[in-house]
Amino acid sequence: MLATLLALVALGYPLALAFGLPLANRDRGDVRKWIQETAVAQAPDDLTPLLAGTGLVATADGERLAETSVAVLERRPLGHGAEDVAALTEAAAGAPLLVLSDPWGRPAEGVVAAPAAVLDGGLLAAALHALYLGEGRLVPGSLPSRERPDGQRTRFTFPASDAAGPVLVNGERLAAGAGFSEDGAAVVLARPAPFGADVRRMTGDAAILDAGAGTIALADEHGGGDVRSALAIVRLAERLEGASDGENRRFAAARTRLLDVDPSRVLMVEDRPLSAEAERPAERIDGVVRRVTFPSAAGVVVVDDVPLEPGVHYTRDGTSVVLTSPPPRNARVRQYPGAFLADPASGTFLLAEAPGPGERVWAERYTFHARPGCGETLLECFYALPQHPVPYPHWIAAGIVPFFSKYPVADERNALRATLYTTLGTLAALALGAAVGVLLAVNFVLMRPLEKAVFPWVIASQTVPIIALVPVLLLVLGNAGITIQTSIIPTALIGAYIAFFPVVVGTVKGLRSVDPLALDLMRSYAATPVHVFLKVRFPAAVPFLFTSLKLGTAAALVGALVAETESNNRRGLGFQILGQVQSGNVADVWILLLVSSLLGIGLVAVVGVAERLLAPWRRP
Amino acid sequence: MEPVVGDAGTGARGVNESSAVEGVSTDGMTPVSAADVIRAHALTKIFDAAGSRTVALEDADLAVRAGEFVSLIGPSGCGKTTLLRLVADLEAPTSGELEVTGRSAADARLARAYGYVFQSPVLYDWRTVQGNVMLPLEIMGFDRAERRRRAFDLLAMVGLGDFANRYPWQLSGGMQQRVSIARALAFDPKLLLMDEPFGALDEITREALNLELLRIWAATRKTILFVTHSISEAVFLSTRIVVMTARPGKIERVIDVDLPQPRGAETREYPRFFELEREVRESLRGTH
Ligand SMILES: Nc1ncnc2c1ncn2[C@@H]1O[C@H](COP(=O)(O)OP(=O)(O)O)[C@@H](O)[C@H]1O
Ligand SMILES: [Mg+2]
């Protein structure tokens, strides 16, 4: 028993992986679930020193790079050795690249010891994203206290819970322990903060205290390395591929995959931005109208996301457009005065007007799919699955206590209550089913013609699919004035409906199983039929009766769950199972499965115990 | 010694002179001895199943007097069980006359005149040994104390006093058969009908039970009609042996067993025992 249980539990793990990994793989491959990042670029002209021709490194000579800029790859500043230049080349082929246009600021003095570091030359606001300690990038951030210091107050709270770094009072960094202590969400300072002082707490690696003066505070006392800043950030523009010959209007963003919906994207032709706004027609599209009017006098006309060919599908007269055939009623008719994203998959744009010869088409700002949202590895994605079809057994186990204590016992949604309710319903169903079953069986055995007449109907009753029968029964009960959503009667009736069958069959067989000689013996005693029934037939049928009661118990439970589900009886397990499936709460579905099967096993075991007590003569 | 009553070849010879004529049978024709516990005349049983007709018993004449131990022996299918079941009113005869304890077989059954012991113990699984012995008493309306007393006494008599509260499956075959005998004796019937009660037992158990049965017979003075297919068992137990033939089932011969009473293990050593065995065996062989 225990070994079986352990084997089942152990089986849960490979099963969880077998069912979860394909989903994780799908998640990882689904670009729509990738993390999006937005890149902002400078005009191509500004990039010219770095970007002449097609490739970055082909023209970016080492000398110039060293003089004027520092390249950063994955937050790591690149040197200008051959290795780093190769890395730069590789990176340039894929994702957009950050390039710092100025060399590092000079190392700060006494950074390590001082609570706040003063960066020589000050900081530009634009450089806040590029603060480095050694080769590691510092993420700046601090939050001011909610309370205003009044010279007395020592207890301060901060607006976000991720403020967990040192506390700064007027730029002076207090150490945890000596300077302040934590008290739940608040901090308690060792000494009251001076009246009107600036009290803040660090959320990141560094806090910018005075951007003009270039004063920062570091969260940790780093053991070494220079604190450096980059003064400006230049990003590579995304150049769209396509021939600029005065005729071609199709350009493709080949380097970065585009998003279907990218409100921040701005396409540029040289330094002229193309409007990305869609224009609606002034007219209602009623299936008849052919002439539509847009605010602009030029643009790509699109009906239901399909761009129309000018001259073929429509003619233009200023702001009004006459279509050759009326668009269908309520069709989405739009005009894109700048450019229209014709194919998000390949990143193909259709420009309203063809750029002149040699003109560059580029995106100043664009969003792209940076990396899988669920994680780098398949396993990470597996763990990040929003729901596992087969959760790890210990996840299910961990969910049991919360599941049962989710609602107070007084609440009818409480799982324990629901279990008890269903148990009660099942027992009622079993009692009713057993009573009807035994009664029928006794009458069948006593009156053969009755059996001949009725037994086919008993069989027919079980061939009716329960799932089809239940709604009808509920309807009848509802019309009879029973509130099916709260009554235990449907549960008991439907459970009994399927539970009585094995009882009838088993009991009839049991009552007939008597040894003919045993009956002869009763005849030799001149026993009355009542005696024969009570002292021989019925006891002989008892083992059969219990076997069929066990079958009937399982059947009654099924019936009870189905009834609870279909009657929307919120008090039972059946409704909970349905609810959890619909809300996609997989672990809870598994817990409910576990609970209902344990309930089944438990009830059958109870019948077994009853059998031992009432029919002890059976060979163990 | 009571003489033979029936002879298959010549039909009924009538009641032997030594039997006192004290009454008449129900048809008013044949005189009846009051001491006859079983009296059969031209008893015939034919089983008519679809397509097959079996003459299980033909023209059987038999009288068993009170206190006799009569064995029926014969090849399989010669109607031994049928005869017993007719006496017990578990089957109805096709023709012929039958009286049991001076009334019709049906009345005798209703009067609970006999106890029946089958070849298999036919114990009720759901009752303890004691419960099985008490079952006929419950049905016949004995009070609780009486039931307990009788069950206790009878179980002690068959040597199962310590097993009263066991269930049948906890007993060996021989013990089960002893329970079955105790049960048949429970309501103290005059007549005991036993159909190969020891047939399924091994030789050693069977001989032990034979002695026990003789002891019980001697102690209770019952009339016993006993079916067996063992020659030595028949000779050892009986006062008379009825040899039967098969197809159709008939009574071939009745042999008086004049071995002295009470019998014991040494009875089997008497030369007369072997003579009687041979006589029975020859009668049986003659039936081929
Ligand atoms: N209920 C019955 N239906 C049909 N034939 C039967 C029935 N009982 C016994 N017989 C037949 O009657 C014959 C005598 O049977 P039985 O009295 O049981 O013989 P035995 O001497 O072996 O006890 C057999 O041929 C048997 O097949
Ligand atoms: Mg027989």
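Student: What joins the side chains of Asp305(A) and Arg332(A), and at what N to O distance?

Tutor: The two side chains meet in a salt bridge (a side-chain nitrogen of Lys or Arg within 4 Å of a carboxyl oxygen of Asp or Glu), and here the N to O distance between Asp305(A) and Arg332(A) is 3.5 Å. The model is predicted, so local features need pLDDT of at least 70 and side-chain atom pairs pLDDT 80 or more, while totals for chains, interfaces and linings use all residues. Residues count from 1 along each chain as written, chains are lettered from A and ligands numbered from 1 in written order, and side-chain values use heavy atoms, without hydrogens or water.

Student: Which parts of chain A does this pair tie together?

Tutor: Asp305(A) sits in the loop between β24 (300–303) and β25 (306–307), and Arg332(A) sits in the loop between β27 (320–323) and β28 (333–336), so the salt bridge ties together parts of chain A that are 27 residues apart in sequence. Such elements are DSSP runs numbered from the N terminus (helices H or I, at least four residues; strands E, at least two). Over all chains, a search of the whole structure finds 25 salt bridges.

Student: What is the sign of phi at Asp305(A)?

Tutor: Most residues other than glycine have a negative phi. Asp305(A) departs from that pattern, with a positive phi near 70°, and its place is that loop between β24 and β25 of chain A.

Student: Is the peptide bond from Arg247(B) to Pro248(B) cis or trans?

Tutor: Most peptide bonds are trans. The bond from Arg247(B) to Pro248(B), however, is cis, with omega near -5°, and Pro248(B) is found in the loop between β11 (240–245) and β12 (250–256) of chain B. A cis peptide bond also joins Gln261(B) and Pro262(B), where omega is about -10°, and Pro262(B) lies in the loop between β12 and α8 (271–286) of chain B.

Student: To turn to the interface, how many residues of chain B are in contact with chain A, and how much area is buried between the two chains?

Tutor: With contact taken as heavy atoms within 4.5 Å, 24 residues of chain B touch 21 residues of chain A. Buried area is the accessible area (1.4 Å probe) that two parts lose on being put together, summed over both; between chain B and chain A it is about 2100 Å², of which 65% comes from carbon and sulfur atoms.

Student: Which three residues of chain B supply more of the area that chain B buries against chain A than any other three?

Tutor: They are Trp126(B), Ile139(B) and Trp169(B), which supply 33% of the area that chain B buries against chain A.

Student: How many salt bridges are counted between chain B and chain A, and with which residue of chain A does Asp89(B) form one?

Tutor: The count between chain B and chain A is three. Asp89(B) pairs with Arg523(A), with their closest N and O atoms 3.6 Å apart. As for secondary structure, the elements that give two or more residues to the side of chain B touching chain A are α2 (105–110), β8 (114–117) and α3 (129–139) of chain B. Of that side of chain B, the largest share comes from α3(B), which gives four residues.
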